[in-house]
Amino acid sequence: MTTSLPPAYLQRVAHNILPLSRNQHNVTEALREWEYRGDGNDVQDAVETCQLCDHYPIRYQFEIVNRFTTHQLQIGSECITRFDVAVIDEDGLRQRGAAAATIVAKDRRKMEDDSRRRAVRRALVQLAKVDDAVDSTMLASIADDAHERGLSPKQASLIVWRLTANKIDLQLSYLKVKLKKDAEQDSLLEMDDFKVRQLWPCLSSAQQRWYNQKKPAFDAMRARRNALKRGPYLPGVKK
């Protein structure tokens, strides 16, 4: 585990962890005293330093606790798996290796998910305060849907347009677009190209591929439908 790491790296770890452990002489044995119990913190910006390896910067802090001394360290998620720190599962059992990595990855995804949810709601609250063109009640409804169920293409297009117009910063990939229903799919395919370009960052890679595959056939079908509505061309006959 630790033997393959550079000596300078191990020295930093030893400096940080040995004074807080029961075993203050052997890094490998000291690390086995520590465990991750599911507590973590999103500090919003990558401004913190891992208290185990001194890596900077980190945003998501994972708390590890020494089960003998009760000391705590705030570290990056990768250090839990890199140093084989024990992870306590939902049944209170100590896990290591692949099982531990799965739990840590799940907890990190939840942190990231919660962070995106807060960012979207914060942007929509700000939008409601400055934009009279968007109804605040509708925005409240959209905020609830934005992360849980996703937005319809029309809703997402409206939000992207107004956020851009008001220069409100939001990573657009945080907005989820629903394309499960036929009406939602048709709404995106019928959308003006410039609106689709604005909406593009909100679409997942799978949704982008779906659009690129479906759009040509949809346009061809719409062109045929419009031609049938116009009827055949007859010289000298005004429509």
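**A walk across the sheet**

Select residues 34-42 and then 60-66: these are strands β1 and β2, which pair in the antiparallel sense over six bridges. Strands here are DSSP runs of E with at least two residues, helices are runs of H or I with at least four residues, and both are numbered from the N terminus. Two strands count as paired if DSSP finds at least two bridges between them.

Before going on, please keep in mind that this is a predicted model, in which local features need pLDDT of at least 70, side-chain atom pairs count only at pLDDT 80 or more, and totals for chains, interfaces and linings use all residues. Residues are numbered from 1 along each chain as its sequence is written, and side-chain values use heavy atoms, with hydrogens and water left out.

Now click on W34 and look across to β2, where its bridge partner is N66. Do the same with E35, and you will find V65 as the bridge partner in β2.

Next, select helix α4, residues 97-130. This helix packs on the sheet and touches β1, β2, β4 (86-88) and β5, with a direction at about 140° to that of β2. Touching means contact, that is, heavy atoms within 4.5 Å. The angle is taken between N-to-C directions on a scale from 0 to 180 degrees, using axes fitted to C-alpha atoms, for helices over the stretch in contact.

Stay with β2 and show its side chains. Y60, F62, I64 and N66 point one way, while Q61, E63 and V65 point the other way. Seven of the seven residues of β2 are buried, meaning under 20% relative accessible area (exposed is over 50%, partly exposed in between; 1.4 Å probe, protein chains only).

Move on to β3, which pairs with β2 in the antiparallel sense over four bridges. From F62, step to I75, its bridge partner in β3. The hairpin of β2 and β3 has five residues between the strands, and T70 there takes a positive phi near 65°.

Zoom out to see the open, mixed sheet of five strands, in the order β3-β2-β1-β4-β5. β3 (72-75) and β5 (94-95) stand at the edges with a single partner strand each, so one side of each has no neighbour in the sheet.

Last stop: the cysteines. The whole structure has zero disulfides, a disulfide being a pair of cysteine sulfur atoms within 2.5 Å. For C50, the nearest cysteine sulfur is that of C53, 3.7 Å away. C50 is buried at 1% relative accessibility, and C202 is buried at 4%.
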